[in-house]
Amino acid sequence: MDVLVPLTNTPADTSAMQLAAALVGARGGHVTLVQPVESPLPDTAYVKVPPRVATLARRVAQWSVPYDIQIEEGRAERPVDAISMFAQRFDQVIMACSGHDRAERRLQHAQFSSLVSRSGRPIIALPGRTRFDGIFKRAVIGWSATPESARAAHDFLRLDFECSLVVTTVDGSDRVHEHAQAFVNSLVLQGREATYASLSSNGRSVADVLQGHALDSQADLLVCGAYGHSRAHEWLLGGATKALFEYTLTPLFFSR
């Protein structure tokens, strides 16, 4: 498994690197850390990059997994967009989310939005407070019977985490309930521990409902489709995706 960790220079980068090392340590593969920088850089900025890279290299080396660190300079495009194109050859992207202040969240979300729209790769986003031990025990899968939610669920299942699953709908129609229950049945036939939960928003946002359910379920991962297309009764639009990414307390798995 080739894993890319785009660095955001926030505390949650450590959680992202720990998870990348755990995945590669369990499955084999390679970790690449990529540091975006503006180009051309002033001379003073060039002085700061090598020590930061050296510090990261020492930290990753302690985890005994194959790795490299790359500096991605913005050329014809923004550094975050250049990283998104670079990410297309990787199996999994892992990055930081829900920064401690508005500036951190803005930087992280700009990188995330570019990765979702340009890389075509699944993304695991970890809050800075995450202390990851290498194992997911329970995952909530947000299901809306849309291509985005189906792709996210199946991309996650391909990682083959041996965790229990809660397939969850919010304000779902009868058709959505039927599809969700059929999906749960197929998971059970595959030998997975899976249940179905139908939730009502009662005036709350979808992001709040899903986040609350993940916490109530003691889930350590929330799986969602990112940026669904706007249409009647479809949930998890850009606003909800952004809210989850910027304020979640639970690690997230996104795919589009």
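In which helix does Asp81 lie? In this predicted model, Asp81 is found in helix H3, and the description below starts from the protein as a whole before returning to this residue and its partners.

The protein is built with 8 helices and 10 strands. Of its 256 residues, 54% count as buried, and the protein exposes about 11,700 Å², of which carbon and sulfur atoms supply 50%. Among the contacts in the protein with a separation of 6 or more, 79% are accounted for by residues 24 or more positions apart.

Helix H3, which spans residues 79-86, packs against helix H4, which spans residues 102-118, at an angle of about 35°, and the axes of the two helices are 8 Å apart. The crossing in which H3 passes H4 is right-handed. On the H3 side the contact involves Val80, Asp81, Ile83 and Ser84, and these meet Ala110, Gln111, Ser114, Leu115 and Arg118 on the H4 side. By residue class, the contact of H3 with H4 divides into 4 nonpolar, 3 polar and 2 charged residues.

Asp81 takes part in this helix contact, and, when its neighbours within four places in sequence are left aside, Asp81 is in contact with Ser114 and Arg118. Because its relative accessibility is 8%, and the cut-off for a buried residue is under 20%, Asp81 counts as buried. The side chain of Asp81 meets that of Arg118 in a salt bridge, with an N to O distance of 3.5 Å. This pair links distant parts of the chain, since Asp81 belongs to helix H3 and Arg118 to helix H4, with their positions 37 residues apart in the count. Arg118, by contrast with its buried partner, is partly exposed, with a relative accessible area of 38%. In general terms, side chains of opposite charge can pair when their charged atoms come close.

The count of salt bridges in the model comes to 3, and the two further pairs each lie within a helix, as set out for H5 and for H8. In helix H5 (residues 147-158), Asp155 and Arg158 are 3 residues apart, about one turn of the helix, and their side chains meet in a salt bridge with an N to O distance of 2.1 Å. The acidic and basic members of this pair fall into separate accessibility classes: Asp155 is buried, with a relative accessible area of 13%, whereas Arg158, at 63% relative accessibility, counts as exposed.

In helix H8 (residues 238-247), Lys242 forms a salt bridge with Glu246, and the closest N and O atoms of this pair are 3.1 Å apart. Because Lys242 and Glu246 are 4 residues apart in H8, they are separated by about one helical turn. Lys242 is partly exposed, with a relative accessible area of 35%, while Glu246 counts as buried at 8% relative accessibility.

Taken pair by pair, the acidic residue is buried in the case of Asp81, of Asp155 and of Glu246, whereas the basic partner is partly exposed for Arg118 and Lys242 and exposed for Arg158.

Terms used: Residues numbered from 1 in each chain as written. Predicted model: local features only at pLDDT ≥ 70, side-chain atom pairs only at ≥ 80, totals over all residues. Heavy atoms only, no water. Axes fitted to C-alpha atoms, helices over the stretch in contact; angles between N-to-C directions. Left-handed = near helix turned anticlockwise from the far one by under 90°. Contact = heavy atoms within 4.5 Å. Nonpolar A, V, L, I, M, F, W, Y, C, P; charged D, E, K, R; others polar. Buried < 20%, exposed > 50% of the residue type's maximum accessible area, 1.4 Å probe, protein only. Areas by Shrake-Rupley, 256 points an atom, 1.4 Å probe, with all protein chains shown as cover. Salt bridge = Lys/Arg side-chain N within 4 Å of Asp/Glu carboxyl O.
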